[in-house]
Amino acid sequence: MNQPVIKVEDLWKIYQLGEVQVEALRGVSFEIEGGEFIAIMGPSGSGKSTLMNILGCLDRPTRGRYFLDGQEVSQLNENQLAQVRNKKIGFVFQSFNLLPRLTALQNVELPLIYAGLSPQKRKERAMESL
C-alpha cells in the first residue's frame, strides 16, 4: 500500500496573545492520497489559513506531526524546510504576489533560480510555462 502524500496527526496550533491563548487548530488529523482532490472550507477564523501555512511549511504546529511524502516535516530546520518548499510545494494565491519591478518572465524564472537551474534552462522552462 502506498503512503499518503500528506498526513497530519493530532495537529495543534496555539497562539499566545498576551495572557490569552488562541487555539487556531485543535487536534486536526487527516490523510491525502496521491491524485486526490480536496477542499478546505470553513467560516472565517476556523483555522484554514493556519492549516495551509503549516502544510506549506511556512509555520510549525504547536504539537502534532505532519508528514509530506512520508517525511516528517514538522521538526525540520529552516534550511530543510526551504528545500521542501522549493522542491515539493506550490501555492496558488488569491492575489498575484508578483514583483512589480520584474517582467512576467522574470517572475516565473525567480523560483527556478533557487532551484539551481542554469540561466538557459530557467528561461526555457519559464517560457514553456507562460
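# Exercises: sheet and buried arginine

Five bridges join S1 to S3, and these two strands run antiparallel. The model is predicted. Keep it open while you work.

**Exercise 1. Work out the order of the four strands in the sheet, and find which strands stand at its edges.**

Solution.
- Start from strand S1, residues 6-17. Ten bridges join S1 to S2, and the two run antiparallel.
- Add the partner S3, joined to S1 by five bridges.
- Now place S4. The open sheet reads S2-S1-S3-S4, with antiparallel pairing.
- The edges are S2 (20-32) and S4 (71-72); each has a single partner strand, so one side of each is left without a neighbour in the sheet.
- Next, find what packs on the sheet. Helix H1, residues 48-55, touches S1, S2 and S3 (63-68). The direction of H1 makes about 120 degrees with that of S1.

**Exercise 2. Trace the S1-S2 hairpin and list residues of S1 that stand opposite residues of S2.**

Solution.
- Begin at the turn. Two residues lie between S1 and S2. Glycine 18 sits in this turn and has a positive phi of about 65 degrees.
- Step back into S1. Glutamine 16 stands opposite glutamine 21 in S2.
- Move further along the strands. Lysine 7 stands opposite glutamate 31 in S2.
- Then check the pairing with S3. Here glutamate 9 of S1 stands opposite arginine 65.

**Exercise 3. Decide whether arginine 122 is buried or exposed, and describe its surroundings.**

Solution.
- Locate the residue. Arginine 122 lies in helix H4, residues 119-129.
- Check burial. Arginine 122 is buried.
- Look for an opposite charge. Glutamate 109 has the nearest such side chain, 4.4 Å away. A salt bridge needs the atoms within 4 Å, so arginine 122 has none.
- Look for a polar partner. A polar atom of the arginine 122 side chain lies 2.9 Å from the backbone oxygen of leucine 117.
- List the contacts, leaving aside neighbours within four places in sequence. They are Glu109, Leu112, Ile113 and Leu117.

**Exercise 4. Summarise the whole chain: its elements, their pattern and its span.**

Solution.
- Count the elements. The chain has four helices and four strands.
- Read them along the sequence. The pattern is β-β-α-β-β-α-α-α.
- Take the span. The C-alpha trace covers about 50 × 40 × 30 Å along its principal axes.
- Add burial. Of the 130 residues, 25% count as buried.
- Finish with contacts. Among those with a separation of 6 or more, 47% come from residues 24 or more positions apart.

Conventions
Residues numbered from 1 in each chain as written. Predicted model: local features only at pLDDT ≥ 70, side-chain atom pairs only at ≥ 80, totals over all residues. Heavy atoms only, no water. Buried < 20%, exposed > 50% of the residue type's maximum accessible area, 1.4 Å probe, protein only. Lys, Arg positive; Asp, Glu negative; His and termini not counted. Polar contact = N/O pair within 3.5 Å; in protein donor to acceptor, adjacent residues only side chain to side chain. Contact = heavy atoms within 4.5 Å. Pairing = 2+ DSSP bridges. Axes fitted to C-alpha atoms, helices over the stretch in contact; angles between N-to-C directions.
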